Amino acid sequence: MTNPFKQPQNIWKLNFPSYFHMLPIFEEYFADITDNICCYEISSKTVESMPDDLWRFEAYLENNIDIDTLRKKLQTIAPHWEFSSEITLALLEDIDWAKKVQENFSPMEVGDFFITNPNSAHLCPEGKNKIIIEASRAFGTGEHQTTQGCIEAIDSQKNENYSHILDVGTGTGILAIVASKIWPNANVIGSDIEEIAVEISNLHAKTNDVKVEFLFCDGAPRLENKVDLLISNILAKPLIAMAEDFSRIIHDNGKVILSGCLHYQ
C-alpha cells in the first residue's frame, strides 16, 4: 500500500478560486490525483455557505503538472467555472511540515482530556485527563477536527466495556493513548505504515504512562483476537482499501469509529 502520510521530496501547491457549489466537482476530480486537498471560504454574506459564495480550492501534489492542460480539463468538467485564468502552481519550500505544524500547536480540551505539549503540561485543569504529545514527524496532536471528533466519539463510549481495541494509522498514537486512558485494562494496539510513527507512538506511550502495543505494518494488522472497538482516522482511499480486512478483524458486536473523509466521500 502506498503510504499516504509520508512527506514527498517535492510538494507543489495548486490553488484557484471557485464557487461553493462547484467544489465537489473539483474534489472528486483531484481525489484521483492526490489525497491532500483543502477548501476554505473567501467571502460570504451568510453564516451557512450559499451556492455562489466564493471559496478557494487547494491541492498539494508530488509532481509538477502542465497548467494549460489542467485548465482545459477543468473547463471541461466545470464549463460554467469563471476562474481558469487564476490557477497558480508553486513549489513549496522544503520544510518538515508535520513537525512545523505540531511545534506551534496550543493546549486544548477535548471532552475529558487536556492535550498539551510538554512545556504546557502544568496548565492541565483539575479533573482533566492529561495527554502529552510532543512535536514530531508523525501526524496527530489533537488540533485537527477529525482527531477531536474521534476523541469525542471514543469518550462517548467510556461506559462500554471494551477489551480489545485497535487504532489503525495511529500517527503519534494519540487515539490509542486516549483509549488506553479510558480502558486501562484493555489490550490496546496501534498500527502504522510509517516506522517513525511507531517509534514516536512508543515514546508517547511511555510519556503518558499507558500500556499500548504499537505495530509497524502495511495496512490492517493480523491479530490473534478480534477487536471490539476499531478506530481509524486516516483517509477515504486507505479506509476503502482496508474495508475487507476490517470486517475480518472486528467482532460481530464490535463498534467502529472512522474519520478523515471529505463531505462528498
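**A mixed sheet and a helix pair**

In this predicted model, 3 strands come together as an open sheet, lined up in the order β5-β6-β7 with mixed pairing. The edge positions go to β5 (108–110) and β7 (129–132); each has a single partner strand, so one side of each is left without a neighbour in the sheet. Neighbouring strands are turned against each other by 30° on average, ignoring direction.

On the β7 side of the sheet, β6 (residues 113–116) runs parallel to its partner β7, and the two are joined over 4 bridges. Within this pairing, Phe114 has Lys130 of β7 as its bridge partner. The sheet also picks up a helix: α4 (residues 145–155) packs on it and touches β5 and β6. The direction of α4 makes about 40° with that of β5.

Turning to the helix pair, α1 (residues 23–30) and α2 (residues 67–77) have axes that come within 10 Å and cross at roughly 130°. An angle over 145 degrees would count as roughly antiparallel, and 65 to 115 as roughly perpendicular; the α1 and α2 pair fits neither, so α1 is oblique to α2. As for handedness, α1 passes α2 in a right-handed crossing.

The side of the contact that belongs to α1 is made up of Ile25, Phe26, Tyr29 and Phe30, and these meet Leu70, Lys73, Leu74 and Ile77 in α2. Sorted by class, the contact of α1 with α2 holds 7 nonpolar residues, 1 charged residue and no polar ones. The charged one is Lys73, contributed by α2.

Terms used. Residues numbered from 1 in each chain as written. Predicted model: local features only at pLDDT ≥ 70, side-chain atom pairs only at ≥ 80, totals over all residues. Heavy atoms only, no water. Pairing = 2+ DSSP bridges. Axes fitted to C-alpha atoms, helices over the stretch in contact; angles between N-to-C directions. Contact = heavy atoms within 4.5 Å. Parallel < 35°, antiparallel > 145°, perpendicular 65-115°, else oblique. Left-handed = near helix turned anticlockwise from the far one by under 90°.
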